[in-house]
Amino acid sequence: MSLVTVGSVAFDAIETPFGKTDKIIGGAGTYIAFSSSYFMKNQNIVSVVGEDFPQEMLDKLSNKGVNLEGLQIIKGEKSFFWSGKYHNDMNSRDTLVTELNVLEHFDPIIPASYQGCEYLMLGNLSPDVQLKVINRMEKRPKLVAMDTMNFWMDIAMDDLIKAIAAIDILIINDEEARQLSGEYSLVRAAKKIREMGPKYLIIKKGEHGALLFHGENAFFAPALPLEDVFDPTGAGDTFAGGFMGYLASTDDISFENMKRGIIAGSAMASFCVEKFGTERLENLSKSEIEDRIQEFVQLTNFDMVKSV
């Protein structure tokens with residue numbers, strides 16, 4: 001099975017209550033690719049960077065089995081850059097700097113070798129770009145998942161609604177679900193959003209876990225209690241990468257298997273927040289991931305000795 005990921009490969013500068021960084025590697029596509037690489041090797045990325053992007057990081061992605069044929073390198077241009085500062089609760093942040101650079105006129109190219117992929121993950125980008133990718137796939141993948149954010153709801157709602165109608169799974173956070181649906185109740189919001197097109201909806205709740213909705217079914221996975229959360233940047237993308245990587249590796253898109261995918265994605269996200277940027281994701285061992293997944297299983301596994 002193969003996975004195509006579309007998303008930014010970029011630079012970030014981050015400040016949290018635990019410290020700050022200068023420019024480090026970030027971007028939705030980067031986090032998704034690193035995370036999914038631990039579940040499958042046949043994956044491909046579609047993105048764009050400037051000539052300022054370090055070859056060392058491209059080599060790291062390649063060494064994880066990520067095909068970079070769809071990564072455009074624009075000479076004489078700079079890569080996308082974002083800078084932000086997190087508040088003490090680590091759930092809210094202020095954007096300090098956003099420089100679109102090469103991302104401003106990004107026209108996604110789908111190499112011939114990517115055609116026929118079974119799984120497609122559309123990271124947070126302009127819905128116009130996301131739609132272009134879907135339309136440029138010669139054969140519709142078995143499963144198309146998409147992330148978005150409130151920024152696109154504010155400035156490109158019409159295009160966003162078109163993109164949502166063309167996918168199978170929408171992955172957003174609780175604030176975005178409420179804005180998109182106009183409903184405060186997440187159950188009502190989920191129903192309204194799925195009426196827009198996607199069969200499945202995942203609502204991320206940060207340190208409070210994640211919800212999966214399909215038909216009349218719902219599943220909730222808690223977040224793992226952690227002693228230290230250094231940097232939540234990229235946690236949502238890491239979650240999506242683990243989720244899609246697990247589904248693609250098992251080639252099973254049943255609701256029951258998506259529950260397992262939610263746990264796999266949550267486990268990967270719990271690693272991401274332990275260090276700044278992609279540092280923690282770059283060199284995980286198989287046993288670390290298996291142990292972390294088991295921690296999630298134990299967190300919710302119990303027997304009822306006696307009913308009321």
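How many helices and strands does the secondary structure of the protein chain come to? The chain comes to 10 helices and 14 strands, where helices (H or I, at least four residues) and strands (E, at least two) are DSSP runs numbered from the N terminus. The model is a predicted one, in which local features need pLDDT of at least 70 and side-chain atom pairs count only at pLDDT 80 or more, whereas totals for chains, interfaces and linings use all residues. Residues are numbered from 1 along each chain as its sequence is written, and side-chain values use heavy atoms, with hydrogens and water left out.

**Figure 1. Overall dimensions and burial of the protein chain.** The radius of gyration, taken over C-alpha atoms, is 18 Å, which agrees with the value near 19 Å that a compact globule of 308 residues would have; the globule rule is 2.2 Å times the number of residues to the power 0.38. Along the principal axes, the C-alpha atoms fill a box of roughly 70 × 40 × 35 Å. Of the 308 residues, 54% count as buried, a class that means under 20% relative accessible area, with exposed meaning over 50% and partly exposed lying in between (1.4 Å probe, protein chains only). The chain exposes about 14200 Å², of which carbon and sulfur atoms supply 49%, the areas coming from the Shrake-Rupley method with a 1.4 Å probe. Among contacts (heavy atoms within 4.5 Å) between residues at least 6 apart in sequence, 65% join residues at least 24 apart.

**Figure 2. A salt bridge within helix α3.** The side chains of D128 and K132 meet in a salt bridge with an N to O distance of 3.8 Å, the term being used for a side-chain nitrogen of Lys or Arg within 4 Å of a carboxyl oxygen of Asp or Glu. Both residues lie in helix α3 (residues 127-136), where they are 4 residues apart, about one turn of the helix. D128 is partly exposed at a relative accessible area of 35%, and K132 is also partly exposed, at 28%. A search of the whole structure finds 14 salt bridges.

**Figure 3. A salt-bridge network that includes R280.** The side chain of R280 meets that of E274 at 2.9 Å, N to O, and that of E288 at 3.3 Å, N to O. Salt bridges that share partners join E274, R280, E288, R292 and E295 into one network. Within this group, E274 counts as buried at 18% relative accessibility and R280 as buried at 19%, whereas E288 is partly exposed at 28%. R292 in addition lies over the face of F271, at 4.1 Å from the ring centre; a charge sits over a ring if NZ of Lys or CZ of Arg is within 6 Å of the ring centre and within 35 degrees of the ring normal. By this rule, K23 likewise lies over the face of F81, at 5.1 Å from the ring centre.

**Figure 4. Aromatic pairs, including F18 with F230 and F239 with F243.** Rings of Phe, Tyr and Trp (its six-membered ring) pair if their centres lie within 6.5 Å, and planes under 30 degrees apart count as stacked, over 60 as edge-to-face and the rest as tilted; by this rule the count comes to 5 aromatic pairs. F18 and F230 form a tilted pair, with 5.0 Å from centre to centre and 50° between the planes. Because F18 lies in the loop between β2 (10-16) and β3 (19-20) and F230 in the loop between β14 (217-221) and α8 (235-250), the pair ties together parts that are 212 residues apart in sequence. F18 is partly exposed at 42% relative accessibility, and F230 is partly exposed at 27%. F239 and F243 form a stacked pair, at 6.4 Å from centre to centre with 5° between the planes, and both lie in helix α8, 4 residues apart, about one turn of the helix. F239 is buried at 4% and F243 is buried at 0%.

**Figure 5. The surroundings of buried I164 and T16.** I164, found in helix α5 (residues 157-165), is buried with a relative accessible area of 0%. Leaving aside residues up to four places away in sequence, I164 touches M146, L170, L180, M196, G197 and P198. The C-alpha atoms of I164 and M196 are separated by 6.7 Å, although the two residues are 32 residues apart along the chain. T16 lies in strand β2 and is buried, with a relative accessible area of 6%. With the same exclusion of residues up to four places away, T16 touches Y86, M90, F230, D231 and F276.
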